[in-house]
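Thanks for coming. I have one chain to go through today, and I will keep to its helices and a few backbone details. Please have a look at it first.

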Amino acid sequence: MKLALLASLIASAAAFAPSSSTGARSSTALAAGKKSQALPFLPYPENLSGYVGDVGFDPFRFSDFAPMDFLAEAEIKHGRICMLAWLGFVAVDLGARIYPLPEAYKGLTAVTAHDALVQQGAMSQIFLWCSVFEAVSTVAVVQMLYEESGREPGNFGFDPLGFLKGKSEAEVKEMKLKEIKNGRLAMLAFSGVVTQAVLTQGPFPYV
């Protein structure tokens with residue numbers, strides 16, 4: 001009787017002991033030991049998995065408490081804006097103008113144009129139209145986040161030159177990766193070009 005009782009206690013304890021088989025380890029345990037590719041001294045943010053451009057870079061762990069589709073949408077949008085912004089900023093200092101040019105805009109640089117456009121009211125118009133576009137695009141984002149519309153982050157169906165037409169799934173993913181990488185570079189580049197232009201007050205390349 002005592003031997004049977006002892007055997008049952010051992011069996012019960014064994015049920016709560018970790019398995020020695022590697023195949024029994026959970027995916028959570030595996031993910032917990034994985035390191036970020038971009039920051040190898042930090043653990044990998046699990047919620048980034050499956051998104052285009054994922055290199056495990058989320059040092060502040062925004063992906064732990066904010067919807068990943070929202071974060072991906074924000075990154076793509078800011079990247080696109082900065083790609084256009086860098087080009088527009090530099091183009092002005094290289095002499096690009098839209099004619100007829102108002103008298104008040106003559107002699108302006110990309111840096112000094114801001115205050116002049118505020119005084120003339122042009123900046124208010126830019127702000128108004130940007131707000132309209134933002135309000136309209138928010139509808140698609142809300143549907144993506146809360147109504148499971150199936151829309152991918154950043155996808156507005158805008159491809160007038162047909163870059164994605166007839167492409168395979170792998171080729172489409174490669175194009176999306178190129179956009180993400182160029183957008184990330186543009187965000188850094190625009191911050192740098194504005195800083196350098198203000199510090200030097202000189203023409204491009206602001207040295």
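Let me begin with a residue to locate: where is the place of Pro100? Pro100 lies in the loop between H3 and H4. Before going further, I should say that this is a predicted model. The reason for picking Pro100 is its peptide bond: Tyr99 and Pro100 are joined in cis, with omega at about 0°. I will come back to that loop.

First the overall picture. The chain has 6 helices and 0 strands. Along the sequence the pattern reads α-α-α-α-α-α. There are 207 residues in the chain, and 19% of them count as buried. Taking contacts between residues at least 6 apart in sequence, 46% join residues at least 24 apart.

Now the helix packing. Two packed helices are described by the angle between their axes and the distance between the axes. I have two pairs to show, and H3 takes part in both.

Start with H3 and H6. H3 covers residues 68-93, and H6 covers residues 169-200. Their axes come within 7 Å and cross at roughly 45°. That angle is neither under 35 degrees nor in the range 65 to 115, so the two helices are oblique to each other. The crossing of H3 with H6 is left-handed. By class, this contact has 15 nonpolar, 4 polar and 4 charged residues.

If you want to follow it on the screen, the H3 side includes Ile76, Gly79, Cys82, Met83, Ala85, Trp86, Phe89 and Val90. On the H6 side, the residues met include Ile180, Gly183, Ala186, Met187, Ala189, Phe190, Val193, Val194 and Ala197. The charged members include Glu75 and Arg80 in H3, and Glu179 and Arg184 in H6.

The second pair is H3 with H5, which runs from residue 122 to residue 146. Here the packing angle is about 150°, and the axes are 10 Å apart. The angle is over 145 degrees, so H3 and H5 are roughly antiparallel to each other. This crossing is right-handed. The contact consists of 4 nonpolar, 1 polar and 4 charged residues. From H3 come Asp69, Phe70, Glu73 and Lys77. From H5 come Glu134, Ser137, Val141, Met144 and Leu145.

Next, H4, residues 113-120. Which residues of H4 are buried? They are Ala113, Ala116 and Leu117. Seen down the helix axis, the buried residues of H4 fall within an arc of 95°, so they line one face. What covers them includes H5. The face turned away from the buried side carries Asp115 and Gln119, both exposed. Just after H4 comes Gly121, with a positive phi of about 95°.

Back to the loop between H3 and H4, where Val111 is also found. Is Val111 buried, partly exposed or exposed? Its relative accessible area is 25%, so Val111 is partly exposed. Leaving out residues up to four places away in sequence, Val111 touches Phe89, Ala197, Val198 and Gln201. Phe89 and Ala197 we have already met, in the contact of H3 with H6. The C-alpha atoms of Val111 and Val198 are separated by 6.7 Å, and the two residues are 87 apart along the chain.

That leaves the segment after H6. Gln201, one of the residues touched by Val111, is found there. Phi of Gln201 is near 55°, which is positive although the residue is not glycine. Gln201 is exposed, with a relative accessible area of 53%.

Further along in this segment is Pro205. The peptide bond from Phe204 to Pro205 is cis, with omega near 15°. Tyr206 is found in the segment after H6 too. Phi of Tyr206 is near 60°, again a positive value in a residue other than glycine. Is Tyr206 buried or exposed? Tyr206 counts as buried, at 1% relative accessibility.

To recap the two pairs: H3 and H6 are oblique to each other, and H3 and H5 are roughly antiparallel. The cis peptide bonds I showed precede Pro100 and Pro205. I will stop there and take questions.

Definitions and conventions. Residues are numbered from 1 along each chain as its sequence is written. This is a predicted model: local features need pLDDT of at least 70, side-chain atom pairs count only at pLDDT 80 or more; totals for chains, interfaces and linings use all residues. Side-chain values use heavy atoms; hydrogens and water are left out. Axes are lines fitted to C-alpha atoms, for helices over the stretch in contact, and angles run from 0 to 180 degrees between N-to-C directions. Helices (H or I, at least four residues) and strands (E, at least two) are DSSP runs, numbered from the N terminus. A crossing is left-handed if the near helix is turned anticlockwise from the far one by less than a right angle, and right-handed if clockwise. Contact means heavy atoms within 4.5 Å. Buried means under 20% relative accessible area, exposed over 50%, partly exposed in between (1.4 Å probe, protein chains only). The arc is that of the directions from the helix axis to the C-beta atoms.
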